[in-house]
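Work through these short exercises with the structure open beside you. Try each task before you read its solution.

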Amino acid sequence: MSDQTHMHVEHDLAPGEEEQHSVGERILGYVVGLGLALLLTATSFFIAGTNLVWQPSIPVALIVLAIAQMGVHLVFFLHITTGPDNTNNVLALAFGLLIVFLVVGGTVWIMAHLNQNMPPMDQFIRMHS
Amino acid sequence: MSMTATVAHAHADPHHIGRAAEHPGPAPKRIVTAYGFWVFLLSDIVMFSCFFAAYAVLSGQTAGGPKGSEIFEQRNVAIETICLLLSSFTCGMASIAADVRNRFWFYLGMAVTCVLGLIFLAIEFREFADLVARGYGPSRSAFLTAFFSLVGCHGLHVSAGVLWLLTMMAQVFAKGFRADVLRRMMCFALFWHALDIIWVGVFSVVYLLGGGA
């Protein structure tokens, strides 16, 4: 038994693995995660359909709420935390996020500029005929 | 005595920097498997980010067809979201039950997860069938192509997840909580939670942002 505990101190945590081992604490973690996620989801759906807030702020609020909820899922469901045994998992996640932001941000940026620089098609055809 | 020494050492050097040379052997199989699967999940998320980027670029290109706000039904999306959230929770309960080797709670948690996943798939299938029947299939406009490929790709992942879930139940039934079965269960839980994270992006970007515009 003490050998088992020893092993856990020695090695890194696998993704999805938790540090504490009592069943009650683990269930509590999932309950807290579910509560936070439901709260954020309800806020998202409420904000999307309401007239109570300044309309131009809605897209930004939705994106912020979505990122917050992804964070809640990562911490409470996938157990990716900043703990010392989680370094490898967090570094892999950071690299994945870098690629995601490059792909999405780069695409939106470039395509928005392409649309701006391209005249409408009929005008384009008139220019070259 | 040696235990206290280890704990004290771990506190002095939480990242095990000074101990790399002392333990040159490979990590246990459980950690290697789960880490490899985590890297696969991240590559899957990168693939989804391409679909998200395509949707963001094409969401305005309706070619005279319907806009997002005309075809999305918030109530269905809310039900789908709650189904996936609850299924993520019950999947967590099932993995705790697998760790403590409790068959009853494992089967119950997995069965509820399966039912919630199937409800999600049924609602999504009905939405797709309804859109196609109204003539708003994926070939109608660039916006609908991007919509069907992003949401459909997530739906395919959920379908694969449900099949995997049933396989895990069968394996536990036939082989019990063996070490290899528990490793697969761990990967399945990671997969299911990752799908829920992607769905958060889908309902926020596609349905709420696209529906409001």
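**Exercise 1. Describe how helix α5 and helix α6 of chain B pack, from axes to residues.**

Solution. This is a predicted model.

Step 1: take the axes. The axes of helix α5 (residues 103-133) of chain B and α6(B) come within 10 Å. They cross at roughly 155 degrees.

Step 2: turn the angle into a word. Angles over 145 degrees count as roughly antiparallel. Therefore α5(B) and α6(B) are roughly antiparallel to each other.

Step 3: add the hand. The crossing of α5(B) past α6(B) is left-handed.

Step 4: find the residues. On the α5(B) side, the contact includes B:Phe106, B:Tyr107, B:Met110 and B:Glu124. On the α6(B) side, the partners include B:Gly155, B:Val158, B:Leu165 and B:Val172.

Step 5: sort by class. The contact of α5(B) with α6(B) has 14 nonpolar, five polar and one charged residues.

**Exercise 2. Check the length of helix α6 of chain B against its number of residues.**

Solution.

Step 1: count. Helix α6 of chain B covers residues 142-175, which is 34 residues.

Step 2: predict the span. At 1.5 Å a residue, α6(B) should span 50 Å.

Step 3: compare. The end C-alpha atoms of α6(B) are 48 Å apart, so the two values agree.

Step 4: look just past the end. There, B:Gly176 takes a positive phi of about 75 degrees.

**Exercise 3. Are α2(B) and α6(B) roughly parallel or roughly antiparallel?**

Solution.

Step 1: take the axes. Those of α2(B) and α6(B) come within 9 Å and cross at roughly 155 degrees.

Step 2: apply the cut-off of 145 degrees. The angle makes α2(B) roughly antiparallel to α6(B).

Step 3: give the hand. α2(B) and α6(B) make a left-handed crossing.

Step 4: name the residues. From α2(B) come B:Phe51, B:Phe52, B:Ala54, B:Tyr55 and B:Leu58. They meet residues of α6(B) that include B:Ala142, B:Phe143, B:Phe147 and B:Cys153.

Step 5: sort by class. The contact of α2(B) with α6(B) has 11 nonpolar residues, one polar residue and no charged residues.

**Exercise 4. Now cross between chains: describe how α4(A) packs on α2(B).**

Solution.

Step 1: locate the helices. α4 of chain A is residues 87-117, and α2 of chain B is residues 29-58.

Step 2: take the geometry. The helices α4(A) and α2(B) pack at an angle of about 15 degrees, with axes 9 Å apart.

Step 3: name the arrangement. Angles under 35 degrees count as roughly parallel. Therefore α4(A) and α2(B) are roughly parallel to each other. The crossing of α4(A) and α2(B) is right-handed.

Step 4: list some residues. α4(A) offers A:Asn88, A:Leu93, A:Gly96 and A:Met111, among others. α2(B) offers residues that include B:Tyr35, B:Trp38, B:Phe52 and B:Val57.

Step 5: sort by class. The contact of α4(A) with α2(B) has 19 nonpolar, five polar and no charged residues.

**Exercise 5. Which element gives the most to the side of chain A that touches chain B?**

Solution.

Step 1: count both sides. In chain A, 45 residues are in contact with 47 residues of chain B.

Step 2: list the elements. Those of chain A that give two or more residues are α1, α2, α3 and α4.

Step 3: pick the leader. α4(A) gives the most, with 13 residues.

Step 4: sort by class. This side of chain A has 28 nonpolar, 14 polar and three charged residues.

**Exercise 6. Where is confidence lowest in chain A, and where is it highest?**

Solution.

Step 1: start with averages. Chain A has a mean pLDDT of 83. Chain B averages 89.

Step 2: find the extremes. In chain A, confidence is lowest in α1(A), at a mean of 43. It is highest in α3(A), at 94.

Step 3: check the starts of the chains. The pLDDT is below 50 over residues 1-9 of chain A. It is also below 50 over residues 1-5 of chain B.

Step 4: draw the lesson. Where pLDDT is low, predicted coordinates should not be read in detail.

Step 5: rate the complex. The predictor gives an ipTM of 0.83 and a pTM of 0.85.

Methods:
Residues numbered from 1 in each chain as written. Chains lettered and ligands numbered in written order. Predicted model: local features only at pLDDT ≥ 70, side-chain atom pairs only at ≥ 80, totals over all residues. Axes fitted to C-alpha atoms, helices over the stretch in contact; angles between N-to-C directions. Helix = DSSP H or I, 4+ residues; strand = E, 2+ residues; numbered from the N terminus. Parallel < 35°, antiparallel > 145°, perpendicular 65-115°, else oblique. Left-handed = near helix turned anticlockwise from the far one by under 90°. Contact = placed C-beta atoms within 7 Å. Nonpolar A, V, L, I, M, F, W, Y, C, P; charged D, E, K, R; others polar. Expected span 1.5 Å × (residues − 1). pLDDT = per-residue confidence, 0-100.
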